[in-house]
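Biologist: Please take a close look at the interior of this model, and place it in the setting of the rest of the chain. I would like the burial, the packing and any unusual backbone described together.

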Amino acid sequence: MKVSSKLHIFTILAVTLNLFIASLVVAASEEYETELEKYAERTKAVSGGYKGGNRVFLQVGGHKFFDYDAKRIELAGIYVIALRNNKVLLRHHYNTYQIAGASIGFAHDIDKLPSGTFVVIAAKDEPTKLFDEDGQKALYQIGAEKGLLNQEFRTSYLCIGIKGLARGKAIEKAGMEELKHIGQKVDELIEFTFPGKIKPKQLSSRPGQHEGLMFGDTEVIYYIPENFNPKTTKYLFGIHGAGDWHRPGALNRITQFKDIADIENLVVIAPVFDNILNWPVNRERDLDEESRFKDQKIIKDRYLWDFVALLNKFNEQRSDLKLIEIFEFFNENLMRREKFYLCGHSGGGQFVTRFITFHSELVDKVCASSPGTFTFPYRDKDYPWGLKMDNLEKTFGSQIKADDLHLNDEQLDQKMDQLLDLQLFLIAGEEETNENHTDLTWQGKGTLHKTRNYFEAMKEEDKRLKDKGIRPQSKPFKFELHVMSGVGHDSAASAKKTIELLFPSEKNPSIAPTNSDSSKYSQILREYADRTKVVSGGLGNGNQVLIQIDDYPFYISVPNNNTTAGLYVVAVKNNHVLLQSHYNTFFTPQACKNFLNDIDRLPDGTFVVVAAKDEPTHLFDEDGQKALYKIGAKKGLFHQEFRTSYLCLGVKGLDKGQAIEQIGMRLLEHIGADINKPARFIFQKKDEPAVMAGMFKIYDPSIGENKTWSINDHCFIRGKDGIWHMFGILGIEPHAPITGRVFAHATAKSFTQIPWVKGPDALKVDSGLKETHLWAPHIIYHNGIFYMYYCAGGKDRTKYKIHLATSKDLERWHRHPENPMVVDGFDARDPFILRVGNEWVMYYTATSTPSGGEHIVAYQTSQDLIHWHNRRIAFRDTTKGTGGGPTESPVVVRRGEYYYLFIGPRGGYIGTDIFRSRNPFKWEIADKVGHIMSHAAEVIRDVDGKWYVSHCGFGQGGVYLSNLYWNDSQNDNDTSLPIPE
């Protein structure tokens, strides 16, 4: 063949190929034109340009993208949004006014987009100054005709196109005025409020509550437990209801599950689902002057309902897929788990039941409380009320993308079989008989009725699948129905019941789950047991219980004093005492519950010693048994003899049966492996008080702040309305000793509430009164008035001032006109007021002379709480100096004939010594009778008569409480600290 003939053939082939490719391009472009029409119908865009300032609005479907800030015009140039299959592929601002390479970056990003991607470009202020040919080529790729390269210097520009669209086919506008595009089926332009710049998703593993994690328009609030361990932590998703809409509902989920999260080591995740459900809002019609909805029914009917059905009729978003996206993100960025716990109340309960219908493989255990409707397993009822799945477009709209939900009968049988393998707890209140959703009376007349009917329907479905041979006959029906007596539609009660049901080890003390870290805990047990001596006295040995770890004896018992029967418990982790308490399981019905609560609060890996003192079993119940199982006990005390002895050395999280456990009717001893002979304990002749030093946190001032704060010297007082108040020095970390210019204020309905609620600062420095700082408040109540004494400082530290402020409600404080009350040095501070006889006594810390010397506890007296005089010394330490010393934070408590003085820091920053005397004006070093691990200790008594001691300080992270145990044979009712009324 001749060369010319070959070239001719190749030319024909090349032309044919080019024509073929061109035909494909044309076909693709024609298809994209149809896609563009669909997207344009759902799109609103505004290009502000020079005349419109910084005004750029973009919305596609339910996605809102950019904000408007008239005072910020530095972000000139163009904004670009690109979506494909309803996923945002590109969202960026290119400053083509100030940055020479911005057009190149824009072109590069457009190049990377796949063909068929929908793109919106809008100018913001000034787009063209540095716009170049690279940017122009990128505009041509999405179907632009004019582009920006040769436009006026300060033009506005708007382009709505698709990557691969033929040139000239895009919606394109250019000019010197504000340019708008409103989809052809959108009947009005609305003013949008936008969330602003979207930050990259970032997870924190810091303990505490975290907010602002965004998935598109969906916010996620989550909580990391105090003892977060990614090896053992599990996920718990809590779904808000349709009634408690927006963020408050999700925040409420976090609040309800915080405590169990810390106990069970759970990461709690609460999506704000109403954010992904959007519809056009008309400001004049729907919103008031403060941009609030005039009619809450709009929110419930238009915004919230659809998330419970998984599908949304107002846009293409799927709440079930959003939850899975969130779960996958946490898996990739925090810790990987195959499944998660799931719970929801009310509308959240509806979501839960529908989610597990299609995604049961992702859920470990699930609890649905008070769902208003269900997806019954009926094939003749349209979804979401039944499982007829062929009519979704009619129900939810033509734009729904739900191919994965168009299931045939065989596929639905498989889904039902998987669903019935789940442990599902259904909860309803006994009083939930309200007739809701009257068009669904076939499901039931009210929430309780519907729940019972759904439960029975699923029983029938289980039987049907077994009869068809799809489900083995041997498989049990695992759904449970729980009706709460005397309860209506109550989120708090449902949350409490949910916690009880989702954790079987909490529900049934005979179940003790295995722990993957048990072998590590066994090593901890061996290490501590080697250093431990214990004797459990039991009935035959009176009050003899001795516990000693290393050289530290915890309890020294008094013979012939059997009033403190029950259990003694000491818990230590990393050589720090976390719990030290006595539980009178002979006399006190609540003792076992308190024991369990305290064990629950301990982190895994804590070494625990439990020893019986005289009689442990009279009122010992299942709560106590649960607590013993948690530290590795096998037998426990629940079924033991009436007057047995008991001894258990274990570790929190140890597998059942791995603890050292002894039971009998005689004295039980445990001597550590490295101790070759029993220790000889010497009983004190004095009636010494034993004080628990294990703490639990009630308040952290740093929560919700962007800086780390601490509380130092503080006080507690119960208001006339029964509300507890805490006031204390608020300091920023790392601390500076002379700072502290406001008093923190927190409140609680019950004294042991966790956490206390942060309130506004109570008092601020008054420079007009020459206050330099606020330190160490102490409050008493007298004749209808609350008196707060505090250190106000002063420039001359040898003449520090103690001031007084008064209040009738603990909220509004007024400084007394006769301030200062006391002037003394060096750094005279930390006042404490006590009534002794017919006069008031103010104790405070100072030095023996105002310019320095021995550290002392000074005192002055008063008849009227205003005029103080006659400075004397109540306690003198041998150390000398100025400023802080070992006599700070004095607290005086009378019990019977004794006066106890608490002062510190002694033996380290965290340490308080206790001295006892029959004279309220004189204590000696030799009067020391105890030591507790606490800084700035306050002694408090709760309404149930229990005693507590507090702890705080710089670097401590907040305020802590601990039980305070007296072993001095004095009458609890004969004291300067009576039970609060």
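Modeller: I start with burial, where a residue is called buried under 20% relative accessible area, exposed over 50% and partly exposed in between, using a 1.4 Å probe and protein chains only. This is a predicted model, in which local features need pLDDT of at least 70 and side-chain atom pairs count only at pLDDT 80 or more, while totals for chains, interfaces and linings use all residues. Residues are numbered from 1 along each chain as its sequence is written, and side-chain values use heavy atoms, with hydrogens and water left out.

By that measure, 55% of the 981 residues in the chain are buried. The chain is built from 16 helices and 48 strands, both taken as DSSP runs (H or I of at least four residues for helices, E of at least two for strands) and numbered from the N terminus. Contacts, meaning heavy atoms within 4.5 Å, often bridge stretches that are distant in sequence: of those with a separation of 6 or more, 60% join residues 24 or more positions apart.

For the interior itself, a nonpolar core is taken as a set of buried Ala, Val, Leu, Ile, Met, Phe, Trp, Tyr and Cys residues joined through side-chain atoms within 4.5 Å. The largest such core has 57 residues, and those with the most contacts inside it are F330, F340, L342 and F355. Helix α7, which runs over residues 319–333, supplies six residues, the largest share of this core. If one follows F355 outward and sets aside its neighbours within four places in sequence, its contacts are L310, D320, L323, I324, F340, L342, S360, L362 and V363. F340 and L342 thus appear among the partners of F355 as well as among the residues with the most contacts inside the core. Apart from this core lies another, of 43 residues, which includes Y568, I599, L637 and L647.

The cysteines deserve a separate word, with a disulfide counted as a pair of cysteine sulfur atoms within 2.5 Å. The structure holds zero disulfides; C343 is in none, and the nearest cysteine sulfur, belonging to C367, is 6.8 Å away. C343 counts as buried because its relative accessible area is 1%, and C648 is buried too, because its relative accessibility is 0%.

A second place to examine is strand β33, which spans residues 775–782 and contains A776. I779 lies in strand β33 and counts as buried because its relative accessibility is 4%. Leaving out residues up to four places away in sequence, I779 touches C715, I717, F727, F786, Y787, M788 and W813. A805 is 26 residues from I779 in sequence, and the two are 9.4 Å apart from C-alpha to C-alpha.

The backbone around this strand has two points to check, since most residues other than glycine have a negative phi, and most peptide bonds are trans. A776 has a positive phi, near 45°, although it is a residue other than glycine, and it is buried because its relative accessibility is 4%. N783 is likewise not a glycine and has a positive phi of about 50°. N783 sits in the loop between β33 and β34 (785–793), and it counts as exposed because its relative accessible area is 69%.

Two cis peptide bonds can be placed beside these. One joins I754 and P755, with omega about -10°, and P755 is in the loop between β30 (742–748) and β31 (757–758). Another joins G904 and P905, with omega about 5°, and P905 is in the loop between β43 (898–904) and β44 (912–917).

Against these buried sites one can set N434, in the loop between β16 (423–429) and α11, which counts as partly exposed because its relative accessibility is 40%. With residues up to four places away in sequence left out, N434 touches K445, G446 and T447. Its C-alpha atom is separated by 9.4 Å from that of H449, which is 15 residues away along the chain.
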